[in-house]
Amino acid sequence: IVSMGQMGDGAQLERAFAGATVHDLFNLLSVAILFPLEVISHYLYHLTNAMLPDSVGDGEKWEGPIKKIVSPFAGRVLKANKDVIKDIATGKVESCDAYYPVLCLDGIEDYKHCASKCDKDAGEEVGVDCGRVGLITCDKNTGCPAFFQNGANLHDDSISGGVCLVLSLFLLIVCLMGLVNVLQRGLAGMSTRII
């Protein structure tokens, strides 16, 4: 697929397609060799077990370095409410409509006034003692994200999610184009001398 981007120049397309074929064969041979070795010796299990930090025990979640870098920025833009999925899956609610409209106590948009849980055993009531959030929620550490809105309905949250999806796809495409451009500039001179 990447080599098809070189269709403007026939010679460059031929070289790109040959490189893609070599890459595919390398992947196939790697699987043909490493998969039987893993089935016989379980070397990947032992290797990853050796790489695992001592602070992580069985059944615990390990947060990788990429997630530590990206999560604070992503949490300031959009924070998904995972309770919606759990409640619909377990049958506590029938649809997302039970989470709308979004209510923040006293109109203050922060975790304490919007997303803190109601204690129904203590007689707390939504909109009086605690707030209500929809598909987008607030975080204890970073507060409410940029796309959070007091009084939002399901349509507003869906539009916010769609905007974030389009922005993230655009950013991904720009990054991939930049990567291809940098690699092409860095390796173009070297590859023409070799081939």
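**Notebook: pocket, surface patch and backbone**

I began with the largest pocket and found that helix H3 gives the most to its lining, with five residues. I note at the outset that this is a predicted model, and every value I enter below is to be read as computed from it.

**Entry 1: the largest pocket**

I looked up the volume of the largest pocket, which comes to about 1,100 Å³. Its lining consists of 34 residues, and those that lie nearest the centre are Asn81, Asp83, Lys117, Val133 and Thr137. The elements that give two or more residues to this lining are helix H3 (65-77), helix H4 (82-90) and helix H5 (111-114). I then sorted the lining of the largest pocket by residue type and wrote down 14 nonpolar, 12 charged and eight polar residues.

**Entry 2: Lys117 and Ala115**

I next turned to Lys117, which is among the residues nearest the centre of the largest pocket and is placed in the loop between H5 and H6. Is Lys117 buried or exposed? With a relative accessible area of 58%, Lys117 is exposed, because the cut-off for that class is over 50%. I also checked how Lys117 stands to Val133, another of the residues nearest the pocket centre: the two are 16 residues apart along the chain, and their C-alpha atoms are separated by 9.9 Å.

Ala115 is also in the loop between H5 and H6, but its relative accessibility is 11%, so I entered Ala115 as buried, the limit being under 20%. From Ala115 I followed the chain back to Leu103, which is 12 residues away in sequence, and the C-alpha to C-alpha distance between them is 8.9 Å.

**Entry 3: a leucine patch**

I then looked over the surface for nonpolar patches and recorded one formed by Leu165, Leu169, Leu172, Leu176, Leu179, Leu183 and Leu187, which together have about 650 Å² of accessible area. I took Leu165 from this patch for a closer check, and found that it belongs to helix H6, which covers residues 154-194. Leu165 counts as partly exposed because its relative accessibility is 49%, and the exposed class requires over 50%.

**Entry 4: backbone geometry**

As background for this entry, I keep in mind that most residues other than glycine have a negative phi and that most peptide bonds are trans. Which peptide bond did I mark as cis? The bond is the one from Tyr100 to Pro101, with omega near 0 degrees, and Pro101 sits in the loop between H4 and H5.

Asp106 is also in the loop between H4 and H5, and I noted a positive phi of about 55 degrees for this residue, although Asp106 is not a glycine. Its relative accessibility is 71%, so Asp106 counts as exposed.

I made a similar note for His42, which is not a glycine either and has a positive phi of about 55 degrees. His42 lies in the loop between helix H1 (10-41) and helix H2 (43-51). At 42% relative accessibility, His42 counts as partly exposed, since this value falls between the limits of 20% and 50%.

Note on methods. Residues numbered from 1 in each chain as written. Predicted model: local features only at pLDDT ≥ 70, side-chain atom pairs only at ≥ 80, totals over all residues. Heavy atoms only, no water. 1 Å grid on protein atoms, 1.4 Å probe; cavity = no way out; pocket = protein on both sides within 12 Å on 5 of 7 lines; lining within 4 Å. Points joined across faces, edges and corners; volume = space filled by probe spheres on them. Helix = DSSP H or I, 4+ residues; strand = E, 2+ residues; numbered from the N terminus. Nonpolar A, V, L, I, M, F, W, Y, C, P; charged D, E, K, R; others polar. Patch = residues over 30% accessible without salt bridge, like charges linked within 9 Å, V, L, I, M, F, W, Y side chains within 5 Å. Areas by Shrake-Rupley, 256 points an atom, 1.4 Å probe, with all protein chains shown as cover. Salt bridge = Lys/Arg side-chain N within 4 Å of Asp/Glu carboxyl O. Buried < 20%, exposed > 50% of the residue type's maximum accessible area, 1.4 Å probe, protein only.
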